[in-house]
Amino acid sequence: MHDIYTRPLRDLRISVTDRCNFRCTYCMPFDEYEWIDKKEILTFEEITRLADLFVQLGVDKIRLTGGEPLLRRDLDKLVSKLSSLNRLEDLCLTTNGSLLAEKASALKSAGLRRINVSLDTLDPEKFARIRRRGDLAKVLEGLFAAKRCGLSPIKINVVVERGVNDDDIIDLVEFSRKNGFAIRFIEYMDVGNSNNWTSEKLVAKKEILDIIDARYPLREVGRDKGSAPSMDYEFIDGEGDVGVIASVTEPFCSTCTRARLTADGKLVTCLFSATGYDLRALLRNGATDEEIIETFSSIWRKRTDRYSDERLEAMNSGRGYRAKDHKKIEMITLGG
Ligand SMILES: C[S@@+](CC[C@H](N)C(=O)[O-])C[C@H]1O[C@@H](n2cnc3c(N)ncnc32)[C@H](O)[C@@H]1O
Ligand code: SF4
């Protein structure tokens, strides 16, 4: 099944909750949001049914995210259901790490193999400034608990923001090399409507790589399966690898095979979408599997999203790009 630009559907990101116990400045800077009502959140049975249908349509990789996915009670039960789906090759989870120390072992036993943990600095004060809740020690504890119980690979996600943590890049690289973690630097993006993104806050992939390469020389490896968001590099000395997700300066829309399912069951076809399609209504109105599959397929076949390509075109043109002119679903709702 291909969209208008011949992109297949391969990956599904499922947001299991829009709630979060952090308030990262780059994602969710306000104290209060209009939370999705609990009754509207998909149950594990509903998520599993939809995931199964997505797998039948070609999805072979599912990532659980949010909000903070580990806030969803008994998440290991969902992991267990999803990890036994036939033909699903890869199930992973992205977390802020705050509850990972307590939950890593149950997640591993339920069938999770790998995990991404967001960590933007190793400086406790800076951590408090960026993430505004929680504490660094708990996240580090979570990372090492995940390692002890055998989750692998463990990838650290770092959002790089100019003047905030661009001077932490080498510390984070050294930390990941020393402890056997993979590390992914993410260009700061204009997700949602609240983070006041401007291109001045962006540290481009090239600059990130130049900083790392000057200390630890790198060799390009490429994108996993040719379509992963991260462009990967290995250290020439053999001590691990590093990736950069350059959605702003080197968009990868032409190879984007991802769909997203929000916690309340909206199907979203781009991280920068303004709306989604209400699959929960179909589910709760008694639609058959065939009807749901027909709906997915017709949405995917009409898909024309190429937001990051268009953003770059606008940035490079005389007209420029203003994030505020584009209303988008918040990242906590649609799942990063
Ligand atoms: C929205 S979070 C959800 C999962 C979990 N709460 C966490 O923080 O890992 C998923 C990923 O999106 C990243 N992210 C959030 N806001 C971003 C932004 N403005 N630009 C780039 N990445 C962002 C986070 O760093 C995280 O790695
Ligand atoms: S990046 Fe993750 S931890 Fe931070 S506010 Fe967003 S959802 Fe929460």
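**Two ligand shells, a core and some unusual backbone**

Not counting residues up to four places away in sequence, N157 touches T94, N116, V117, S118, L119, D120, R184 and I186, where contact means heavy atoms within 4.5 Å. The model is a predicted one, in which local features need pLDDT of at least 70 and side-chain atom pairs count only at pLDDT 80 or more, while totals for chains, interfaces and linings use all residues; side-chain values use heavy atoms, with hydrogens and water left out. Residues are numbered from 1 along each chain as its sequence is written, and chains are lettered from A and ligands numbered from 1 in the order in which they are written.

N157 sits in strand β5; strands (E, at least two residues) and helices (H or I, at least four) are DSSP runs numbered from the N terminus. N157 counts as buried because its relative accessibility is 10%; the cut-offs are under 20% relative accessible area for buried, over 50% for exposed, and in between for partly exposed, with a 1.4 Å probe and protein chains only. Its C-alpha atom is 8.7 Å from that of T94, with the two positions 63 residues apart along the chain.

N157 also leads to ligand 1: an N or O atom in the N157 side chain is 3.0 Å from an oxygen atom of the ligand. For S118, the corresponding distance from a side-chain N or O atom to a ligand 1 oxygen is 2.5 Å. T95 takes part through its backbone, with a polar atom 3.2 Å from an oxygen of ligand 1. The protein buries 96% of the 540 Å² that ligand 1 exposes when taken alone, areas being from the Shrake-Rupley method with a 1.4 Å probe and, for residues, only the protein chains shown counting as cover.

The shell around ligand 1 holds 21 residues, of which Y26, G67, S118, M189 and M331 come nearest; a residue is near a molecule or strand if one of its heavy atoms lies within 4 Å of it. Strands β3 (90–95), β5 (154–160) and β6 (182–187) each supply at least two residues of this shell. By class, the ligand 1 shell has 8 nonpolar, 10 polar and 3 charged residues. Here Ala, Val, Leu, Ile, Met, Phe, Trp, Tyr, Cys and Pro count as nonpolar, Asp, Glu, Lys and Arg as charged, and the others, Gly among them, as polar.

Ligand 2 has C20, F22, C24, Y26, C27, M28, G67, N96, R131 and I332 around it. That shell breaks down into 7 nonpolar, 2 polar and 1 charged residues.

Back in the strands, R184 belongs to β6. With a relative accessibility of 5%, R184 counts as buried. Its side chain makes a polar contact of 3.3 Å with the side chain of D241; such a contact is a pair of N or O atoms within 3.5 Å, where within protein one must be able to donate a hydrogen and the other to accept it, and residues adjacent in sequence count only if both atoms are side-chain atoms. Neighbours within four places in sequence aside, R184 is in contact with K155, I156, N157, V158, S230, D232, D241, V242 and G243.

As for the nonpolar side, the largest nonpolar core has 104 residues, and I14, I62, L64 and F185 touch the most other members. Helix α1 (residues 44–56) gives the most to this core, with 7 residues. A core of this kind is a set of buried Ala, Val, Leu, Ile, Met, Phe, Trp, Tyr and Cys residues joined through side-chain atoms within 4.5 Å. Beyond four places in sequence, the contacts of F185 include V158, V160, I169, V173, I208, I212, V242, G243, V244 and I245.

A few backbone details stand apart. Most residues other than glycine have a negative phi, and most peptide bonds are trans. S152 and P153 are joined by a cis peptide bond, with omega about 0°, and P153 lies in the loop between α5 (136–148) and β5. D74, not a glycine, has a positive phi of about 60°; it is placed in the loop between β2 (61–65) and α2 (75–83) and, at 35% relative accessibility, counts as partly exposed. R87 has a positive phi of about 70°, again without being a glycine. R87 lies in the loop between α2 and β3 and is exposed, with a relative accessible area of 62%.
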